[in-house]
Amino acid sequence: MRVAAPPATDGATDDTTARFREAMRLIVGNVSVITAGVGEDRSGLVAISMVSLSADPPKVIVCVNRTSSTWPLIDRYRHFGVNALAAHHQEVAERFSGFGGIKGEDRYHGAEWVKGETGVSLLADASVSLDCRLEEMIDRGSHSIIIGAVASVRIKDAGTALTYWRGGYRGISAA
């Protein structure tokens with residue numbers, strides 16, 4: 001199901017948008033790689049906007065820019081993976097952020113991936129991997145709010161997490 005955006009009436013100024021971006025960089029977020037597609041027709045991106053929607057039934061929300069290469073794959077295949085990264089996954093995050101112009105299937109090189117029950121690729125040693133079926137996409141602004149029904153959960157708690165804060169990746173440890 002797709003829900004289109006209503007006409008823009010928020011009146012945000014360029015200054016408000018710039019200040020909002022600055023403010024968002026001061027909020028610590030867990031770094032997740034969102035994966036979609038199958039075989040060579042796959043891509044992914046880094047998101048810090050993944051949150052739990054409900055526990056019963058298990059559902060998550062992630063916000064994806066509609067201009068990304070991943071958005072049409074989520075729409076086409078009706079699935080996506082959420083891979084919460086541990087501190088040692090910074091290189092994975094950088095590849096999926098597109099550092100060095102890396103795109104599409106090439107983002108998957110240098111890490112081990114397993115196939116989820118929906119067919120999506122999941123990072124083998126992610127702290128948490130969620131295999132999700134697309135339930136709904138709600139278009140707002142430049143992004144879609146993507147709601148996924150969790151088909152399966154993988155946990156490999158490394159005792160660390162990769163976070164994003166002040167415009168950079170930072171590892172944290174439970175110790």
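A residue counts as partly exposed when its relative accessible area falls between the two cut-offs, under 20% being buried and over 50% being exposed. Ile27 sits at 47% relative accessibility, so it counts as partly exposed. That holds for a predicted model, as does everything else described here.

Ile27 is a handy place to start. Its place is in the loop between helix 1 and strand 2, the strand that covers residues 29-30. Together with Phe20 and Met24, Ile27 makes up a nonpolar patch on the surface, and this patch comes to about 290 Å². Helix 1 itself runs over residues 14-24.

Helix 1 turns up again at the largest pocket. This pocket has a volume of about 1200 Å³, and its lining is made of 33 residues. Lying nearest the centre of the pocket are Ile48, Ser49, Cys63, Asn65 and His143. Several elements give two or more residues to the lining: helix 1, strand 4 (41-47), strand 6 (58-65), strand 10 (128-140) and strand 11 (143-155). Of the contributors, helix 1 gives the most, with five residues. Sorted by class, the lining holds 17 nonpolar residues, 11 polar ones and five charged ones.

Next come some details of the backbone. Asp56 and Pro57 are joined by a cis peptide bond, with omega at about 5 degrees. Pro57 belongs to the loop that links strand 5 (51-55) to strand 6, and strand 6 is one of the elements already met in the pocket lining.

Two arginines also deserve a look. Arg78 has a phi near 60 degrees, which is a positive value in a residue other than glycine. Its spot is the loop between helix 2 (71-77) and strand 7 (79-84). With a relative accessibility of 34%, Arg78 counts as partly exposed, because that value lies between the 20% and 50% cut-offs.

Arg166 has a positive phi too, near 55 degrees, and is likewise a residue other than glycine. This arginine lies in the loop between strand 12 (160-165) and strand 13 (168-173). Its relative accessible area is 52%, and since the cut-off for exposed is over 50%, Arg166 is exposed. Put side by side, Arg78 is partly exposed, whereas Arg166 is exposed.

Technical notes: Residues numbered from 1 in each chain as written. Predicted model: local features only at pLDDT ≥ 70, side-chain atom pairs only at ≥ 80, totals over all residues. Heavy atoms only, no water. 1 Å grid on protein atoms, 1.4 Å probe; cavity = no way out; pocket = protein on both sides within 12 Å on 5 of 7 lines; lining within 4 Å. Points joined across faces, edges and corners; volume = space filled by probe spheres on them. Helix = DSSP H or I, 4+ residues; strand = E, 2+ residues; numbered from the N terminus. Nonpolar A, V, L, I, M, F, W, Y, C, P; charged D, E, K, R; others polar. Patch = residues over 30% accessible without salt bridge, like charges linked within 9 Å, V, L, I, M, F, W, Y side chains within 5 Å. Areas by Shrake-Rupley, 256 points an atom, 1.4 Å probe, with all protein chains shown as cover. Salt bridge = Lys/Arg side-chain N within 4 Å of Asp/Glu carboxyl O. Buried < 20%, exposed > 50% of the residue type's maximum accessible area, 1.4 Å probe, protein only.
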